[in-house]
Amino acid sequence: MEKESKDLKKQEAPVPEGAERMRNRKVYVPKVDIYENKDSIVLVADMPGVDENTVDVTLEKNVLTITGTVEAVRPEGMNLAYAEYDTGDYQRAFTISDEVDKDRIEATVKNGVLRLTLNKAEKAKIKKIAIKAEH
Amino acid sequence: MFGPHIWRYGRVLDPFAEMLRLRDQMNRIFSGIGQPVAAAYPAVNIWAGETGAVVTAELPGMDPEKIDISVLGDTLTIAGSREPEAVGEEDTYHRKERNGGSFTRTLQLPFRIDGEKIEARYEKGILTVTLPRQEADMPKKIAIKGK
């Protein structure tokens with residue numbers, strides 16, 4: 001059964017076993033939407049606090065990794081009185097199939113949302129085969 | 001004189017009654033766990049200082065025009081809506097984790113807000129609202145006179 005309500009809280013990324021992170025910061029898993037059409041696969045990730053300079057997208061073999069670093073901002077002369085969320089970095093990785101053209105991946109960031117367009121390779125595009133009726 | 005009634009006067013705690021009370025308390029503490037609670041959205045952080053407060057909220061992918069901020073006395077209301085992705089008819093979803101829709105959040109602050117000087121910024125998906133305290137509401141320092 002599909003879960004009706006979505007978790008609104010940020011979810012922390014699991015720490016790899018036997019290793020610690022270099023930066024003593026929390027790491028969150030960004031929430032993503034992935035949809036596909038015949039030309040491309042679009043990945044949209046919510047990463048509040050990142051901009052084009054602090055987000056990194058790397059592709060190694062078939063693993064697409066998204067990382068974002070967020071510096072905690074502290075308003076001057078203020079103390080945190082009440083907190084419901086914590087700031088931290090973002091990390092998430094996906095495996096992508098061979099149908100993606102690795103040289104044509106476009107990435108944009110706007111208002112804390114990363115948008116990746118993974119264009120499909122020409123050969124992977126679905127070719128429709130016309131069926132002729134025989135009489 | 002020293003009959004069993006001394007228990008009733010509470011001089012000695014009845015261990016059994018104490019245990020029942022403890023059990024009830026524990027039940028009360030854990031009664032809320034496991035029940036679904038509607039999470040308030042967006043999650044906010046409130047920074048407080050002498051001159052006012054700053055409220056921050058993570059609202060990625062919003063249209064700044066669609067965020068409504070209003071102040072009345074000591075309450076701040078943040079409302080808005082996030083449009084779902086505009087997908088074409090032939091698009092199929094593999095994952096849909098991001099949420100959309102409208103929200104309203106009202107916060108009460110411990111001071112009256114100066115509505116004239118309120119400032120709101122929306123950068124990198126984070127909303128920052130600076131709420132200055134009203135001049136008349138500022139804390140006054142009281143000098144203590146010695147003899």
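Trainee: In strand 6 of chain A, which residue is the bridge partner of Glu60(A)?

Mentor: The partner of Glu60(A) there is Val63(A). Please note that this is a predicted model, in which local features need pLDDT of at least 70, side-chain atom pairs count only at pLDDT 80 or more, and totals for chains, interfaces and linings use all residues. Residues are numbered from 1 along each chain as its sequence is written, chains are lettered from A and ligands numbered from 1 in the order in which they are written, and side-chain values use heavy atoms, with hydrogens and water left out.

Trainee: What makes strand 5 and strand 6 of chain A a pair?

Mentor: A strand is a DSSP run of E with at least two residues, numbered from the N terminus. Two strands pair if DSSP finds at least two bridges between them. Strand 5 (residues 55-60) and strand 6 (residues 63-68) of chain A run antiparallel and are joined by 6 bridges, so the requirement of at least two is met. They form a hairpin with 2 residues between the strands, where Lys61(A) takes a positive phi near 55°.

Trainee: Which strand of chain A pairs with strand 6 of chain A over 6 bridges in the antiparallel sense?

Mentor: That is strand 8 of chain A, in which Thr95(A) is the bridge partner of Val63(A).

Trainee: How do you know that chain A and chain B are in contact, and how many residues take part?

Mentor: Contact means heavy atoms within 4.5 Å; on that basis 40 residues of chain A are in contact with 40 residues of chain B. The buried area, namely the accessible area (1.4 Å probe) that two parts lose on being put together, summed over both, is about 3,600 Å², with 53% of it from carbon and sulfur atoms.

Trainee: Why is the link between Glu97(B) and Arg92(A) called a salt bridge?

Mentor: The term requires a side-chain nitrogen of Lys or Arg within 4 Å of a carboxyl oxygen of Asp or Glu. Between Glu97(B) and Arg92(A) the distance from N to O is 2.8 Å, and therefore the pair qualifies. Side chains of opposite charge can pair when their charged atoms come close. The rule finds 8 salt bridges across the interface of chain A and chain B.

Trainee: Which element gives the most to the side of chain A that touches chain B?

Mentor: Among the elements that give two or more residues to that side are strand 3 (31-36) and strand 4 (40-46) of chain A. Strand 3 of chain A gives the most, with 6 residues.

Trainee: How do you know that strand 3 of chain A pairs with a strand of chain B?

Mentor: Strand 3 of chain A and strand 5 (residues 92-96) of chain B share 4 bridges in the antiparallel sense, and so they satisfy the pairing rule. Asp33(A) stands opposite Lys96(B) in that strand of chain B.

Trainee: What is the order of the open sheet that contains both of these strands?

Mentor: The order of its 5 strands is 9(A)-10(A)-4(A)-3(A)-5(B), with antiparallel pairing. Strand 9 (100-110) of chain A and strand 5 of chain B are the edge strands, each pairing on one side only. Within this sheet, 7 bridges join strand 4 to strand 10 of chain A, and Val42(A) stands opposite Thr117(A) in strand 10 of chain A.

Trainee: What makes strand 7 of chain A an edge strand in the other open sheet, and what is the order there?

Mentor: The order of that sheet of 5 strands is 7(A)-1(B)-2(B)-8(B)-7(B), again with antiparallel pairing. Strand 7 of chain A and strand 7 (119-123) of chain B each have a single partner strand, so one side of each is left without a neighbour in the sheet. Strand 7 of chain A pairs with strand 1 (residues 44-48) of chain B over 4 bridges, where Asn45(B) is the bridge partner of Ala83(A).
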